[in-house]
Number of protein chains: 2
Amino acid sequence: MAEDDDHPFDAAVRLTSSDGVWAGRTHPGYWNMNGPYGGITAATLLSAALEGPDTGAEPVTMTVNFCAPIREGVFRIARTDLRAGKNVRHLTIELRQDADTVAAQASVVLARKRDTWSHQVAAMPAAPAPHLVERFATGGRLAWLERYDFRFVAGLPAFDNSLRMPPASPYSLLWVRDVPERPLDYASLAGLCDAFFVRIFQVRGLFVPAATVSMTIHFHASRDDLAAQGARHLLGEVDAAVLRRNFADQTARLWSGDGKLLATTTQIVWFKE
Amino acid sequence: MAEDDDHPFDAAVRLTSSDGVWAGRTHPGYWNMNGPYGGITAATLLSAALEGPDTGAEPVTMTVNFCAPIREGVFRIARTDLRAGKNVRHLTIELRQDADTVAAQASVVLARKRDTWSHQVAAMPAAPAPHLVERFATGGRLAWLERYDFRFVAGLPAFDNSLRMPPASPYSLLWVRDVPERPLDYASLAGLCDAFFVRIFQVRGLFVPAATVSMTIHFHASRDDLAAQGARHLLGEVDAAVLRRNFADQTARLWSGDGKLLATTTQIVWFKE
């Protein structure tokens, strides 16, 4: 149940259980243009996957499909265990509102990971410390933008609706964290993976109708990595390869303050014209 | 039904329908170490998603989760329509063998795409023409390896089991196409997305138990792009960012012979130690 001193994130992803059916409610603090911010939906579905007694399991990957607009109000969550192996579990999660409308669907892989040989190939890009970078003025445009502290090192998005000719680079490098500050966990890491603004706004320099259709997240962070990161800024590195025929890809890497790769993510974004 | 002059790919992805239940059969020509090659499973699930009267729909993205080993023999395929909007459809596909074992599960997004403003950000890496690059000697190790013509421009994988110290780069650049030659379609493009060998073999220079757990493909090719490509080699550009605690990521871009980005893909690979 909601408590007065709740972080909006915790309130937004909270599920209640009654007769074996989980329910949640959209949160005004994460409202986007026409529905909840996609990252909070991903975080909610991941929370449902992580719910339960198997506290040693960590998320390996999840794919969230945004099937239909989510309206303001109550939604129901159903979890299906596809397969439980000794160390790896496969689940699907559905979010429904009207009786037969699946508004969002996710597949999630959980695992009991062990220490192995390891090698981080990618290196965190150089960036000045977060406190040296100006905070992006979100200006009260949309509720969800107020839930993140964005500090752009490179690739400031064009929110001035001024057409870029030739197209601008889709690359951005930015520090980002929850507002208010909140220690990182898997659900908030999933939420952050969608925080990088649709690339087409930046590339074209103008707003067009656009929406994330599907997002995949690979989780590379251990619980120790999350604890070490705490509430500090993550460094996000975002790019795109192609925008063509109504759809654009988008990729991101999320780094800890200490240069550890915590998550990598790809999404496919619908745009109108 | 199988015909004598079938391409092995067509035989492998063919489904038969009886009383509303689709069935298929594993194909010896795509056998991997302990089951079918993951790419042929992805291709089979995509074929099931594309089956039907909506011939204008193109795949936008799919995520395939490999839940349990697939045994030699017959499997059943079940398709669920999650949501059908005006231009975008969301489906899930399950592959089962024993009564309650989901061996593979996929979510697929299809769309009727239209021409829009478009911009390819990424550029195809320079590479000598396929006929100038030596064909990789697969040496009859595994059946599925004989189904592809690999020509490495850079990052030849270490199949000599000689430990690399320090770890080698996971990057590879290679031409690849079906054997026998076969005009590209969406299903074979999905199959090719898994053809790039688990990166840990190359990075460490030795074989360890490893398996793809989940693969996501973003399809950027139109039907015209597929027709223009025909049976020519695609250029594959493969990399990885991190190998840690039993799991490694892997990303690839697949380019047409003319430098058009046809698909981008990411996968997460389990490895033992």
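**A walk through a two-chain model**

Start by selecting B:Glu58 and A:Arg245: they form a salt bridge across the two chains, with the closest N and O atoms 2.8 Å apart. Keep in mind as you look around that this is a predicted model.

Now pick the counterpart, B:Arg245 and A:Glu58. This pair forms a salt bridge too, its closest N and O atoms lying 2.9 Å apart. Colour by secondary structure and you'll see where the partners sit: B:Arg245 is in the loop between β12 (242-244) and β13 (247-255) of chain B, while A:Glu58 belongs to strand β3 (residues 58-66) of chain A, so the pair joins two chains. If you switch on every such bridge, there are six between chain A and chain B, and the whole structure, over all chains, has 28.

**The interface**

Next, show everything on either side of the contact. That selection should bring up 64 residues from chain A and 64 residues from chain B. Together the chains bury about 5300 Å² between them, and carbon and sulfur atoms give 60% of that area. Want three residues to highlight on the chain A side? Go for A:Trp117, A:Arg244 and A:Arg245: they supply 16% of the area that chain A buries against chain B, more than any other three residues.

Turn on polar contacts between the chains and you get 28 residue pairs, counting those where both residues have pLDDT 80 or more. Colouring the chain A side by residue type is worth a moment as well: the residues touching chain B split into 27 nonpolar, 21 polar and 16 charged.

**Strands that cross over**

Stay at the interface, but swap side chains for backbone. Select strand β12 (residues 242-244) of chain A along with strand β7 (residues 119-120) of chain B; the two run antiparallel and are joined by two bridges. To find your place in this pairing, click on A:Leu243, which stands opposite B:His119 in β7(B).

**Stepping back**

Zoom out until both chains fill the window. A rotation of 180° with 0.0 Å of shift along its axis puts chain A on chain B, at an RMSD of 0.0 Å. The two copies are thus related as by a two-fold rotation axis. Both use the same surface for the contact, too: 100% of the contact residues of chain A recur in chain B.

**Backbone curiosities**

Time for some local geometry. Select A:Val179 and A:Pro180 and look at the peptide bond joining them: it is cis, with omega at about -10°. You'll find A:Pro180 in the loop between β9 (172-178) and α3 (186-192) of chain A. Hop to the other chain and check B:Val179 and B:Pro180, where the peptide bond is also cis and omega is near -10°. B:Pro180 lies in the loop between β9 (172-178) and α3 (186-192) of chain B.

Back in chain A, move along to A:Phe197. This residue is not a glycine, yet its phi is positive, near 60°. Look for A:Phe197 in the loop between α3 and α4 (199-204) of chain A.

**Last stop: strands around β4 of chain A**

Finish with strand β4 (residues 74-84) of chain A, and add strand β2 (residues 21-25) of that chain to the selection. The pair is antiparallel and held over four bridges; for one match-up, A:Arg25 has A:Val74 as its bridge partner in β4(A).

Then add strand β5 (residues 88-96) of chain A. β5 is joined to β4(A) by eight bridges, and these strands run antiparallel as well. Click on A:Ile77 and look across to A:Leu95, its bridge partner in β5(A). How many residues lie between β4(A) and β5(A) in the hairpin? Trace the turn and you'll count three.

Notes: Residues numbered from 1 in each chain as written. Chains lettered and ligands numbered in written order. Predicted model: local features only at pLDDT ≥ 70, side-chain atom pairs only at ≥ 80, totals over all residues. Heavy atoms only, no water. Contact = heavy atoms within 4.5 Å. Buried area = accessible area lost by both parts, 1.4 Å probe. Salt bridge = Lys/Arg side-chain N within 4 Å of Asp/Glu carboxyl O. Polar contact = N/O pair within 3.5 Å; in protein donor to acceptor, adjacent residues only side chain to side chain. Nonpolar A, V, L, I, M, F, W, Y, C, P; charged D, E, K, R; others polar. Pairing = 2+ DSSP bridges. Least-squares fit on C-alpha atoms with pLDDT ≥ 70 in both.
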